[in-house]
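Student: Before accepting the labels attached to a structure, I should like to see each one set against its criterion. May we proceed in that way?

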Amino acid sequence: MIKNIAVIGGDLRIVKLVEMLEKENYVISTYGLENAKDITTKCNSIEECIKDADIVLGPLPLSSNGEYINTPFSENKIAIDDLLNNIEGKTFIAGSIKQEVYDKINGKNITVFDIVKREELAVLNAISTAEGAIQIAINETPRNVHGNNVLVLGFGRIGKVLSKMLDGIGAKVACEARKTTDLAWIKAYGYEPINLIELKEHLHKFDIIINTIPYIVLTKEMLQEVKEDALIIDLASNPGGVDRNAIKELGIKFNWALSLPGKVAPITSAEFMKETLLNMFKEIDNN
């Protein structure tokens, strides 16, 4: 039965998660969180931290540069290679783990889970991402969102939640999708459906455009059709959905808003992570 958890690195979500897990009576040890005021179980090395651990929990995302794990609450740089060399024989859980890390793990006795790939966390995080996107729209445009024409690119988890929230505050919502089934649902919800192949001819109508698609949709050719005073918010992970060189050249207001759950709602995000982790722990214990 999982009881001891070693936590290596992480942002404010992880700090709050540690507090929540301790209240659930898990025994927590940490490394790479020494500047977090509310953490009391701080170790001096990875080896000390993980020696009794049933689970090793890393940051979300694991790394921003592919070399070191994310440690905003530490002066120490923890190389991914050093971490992996110390957790052989352990179960490791982190977020947004890149293929290069999986390649390094190959051949090592490490069981790995990417928490970001869990459907329940992805759905719950869509709430915080949508709220964060609306907050940016309110802060960065001189117009009310209410009554304005807003386009949501993509109708996946985030697109669905975001469109519902925008509609709820009175925006005139249009949604882009490729699949005919998605376009039908968009229409059923009362939003304006726009097929991707017809997107170019509609872009001039919108005051705010929010992208959720993780590949370049708004090319230079597309961006030339956008209003000069429009606001574009990109929620997609690297490389994003917007040609950033073109948008700079055209002078369109732009915000590439990454990792919003951890920025706008770290406590709620930690609660979502705890809920997901407890589900994972039950599954691991039952296998």
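Tutor: The following exchange takes up burial, disulfides, empty spaces and backbone geometry in turn.

Tutor: This is a predicted model, in which local features need pLDDT of at least 70 and side-chain atom pairs count only at pLDDT 80 or more, while totals for chains, interfaces and linings use all residues. Residues are numbered from 1 along each chain as its sequence is written, and side-chain values use heavy atoms, with hydrogens and water left out.

Student: Why is C49 called buried?

Tutor: Buried means under 20% relative accessible area, exposed over 50%, and partly exposed in between, with a 1.4 Å probe and protein chains only. C49 has a relative accessible area of 3%, so it is buried. C49 lies in helix α2 (residues 46–50), where helices are DSSP runs of H or I with at least four residues, strands are E runs of at least two, and both are numbered from the N terminus.

Student: Which residues does C49 contact, leaving aside its neighbours within four places in sequence?

Tutor: Contact means heavy atoms within 4.5 Å. By that rule C49 is in contact with A6, V7, I8, S29, T30, Y31 and C43.

Student: How many disulfides does the rule give?

Tutor: A disulfide is a pair of cysteine sulfur atoms within 2.5 Å, and the count comes to zero. For C49, the nearest cysteine sulfur is that of C43, 4.3 Å away, and C49 is in no disulfide.

Student: What makes T212 buried?

Tutor: The relative accessible area of T212 is 17%, and therefore T212 is buried. T212 lies in the loop between β9 (208–211) and α8 (220–223). A polar atom of its side chain lies 2.7 Å from the backbone oxygen of L153. Beyond four places in sequence, the residues that T212 touches include V152, L153, G154 and L235.

Student: Why does C175 count as buried?

Tutor: Its relative accessibility is 0%, so C175 counts as buried.

Student: What makes an empty space a cavity or a pocket?

Tutor: On a 1 Å grid over the protein atoms alone, a cavity is a set of points where a 1.4 Å probe fits but cannot get out; a pocket is an open set with protein on both sides within 12 Å along at least five of seven lines, and lining residues have an atom within 4 Å of a point. The whole structure has one cavity of 30 Å³ or more. The largest cavity is lined by T30, Y31, G32, L33, E34, K42 and C43.

Student: Which residues lie nearest the centre of the largest pocket?

Tutor: Of the 49 lining residues, S96, V116, L235, A236 and S237 lie nearest its centre. The pocket holds about 1500 Å³ of space, and α5 gives the largest share of its lining, six residues.

Student: Why is S96 called partly exposed?

Tutor: The relative accessible area of S96 is 30%, between the two limits, so S96 is partly exposed. S96 sits in the loop between β4 (91–94) and α4, and its phi is near 55°, a positive value in a residue other than glycine.

Student: What can be said of S259?

Tutor: S259, likewise not a glycine, has a positive phi of about 50°. With a relative accessible area of 39%, S259 is therefore partly exposed. S259 lies in the loop between β11 (253–256) and α10.

Student: Where are cis peptide bonds found?

Tutor: One joins L60 and P61, with omega about 0°. Another runs from N238 to P239, with omega near 10°.

Methods. Points joined across faces, edges and corners; volume = space filled by probe spheres on them. Polar contact = N/O pair within 3.5 Å; in protein donor to acceptor, adjacent residues only side chain to side chain.
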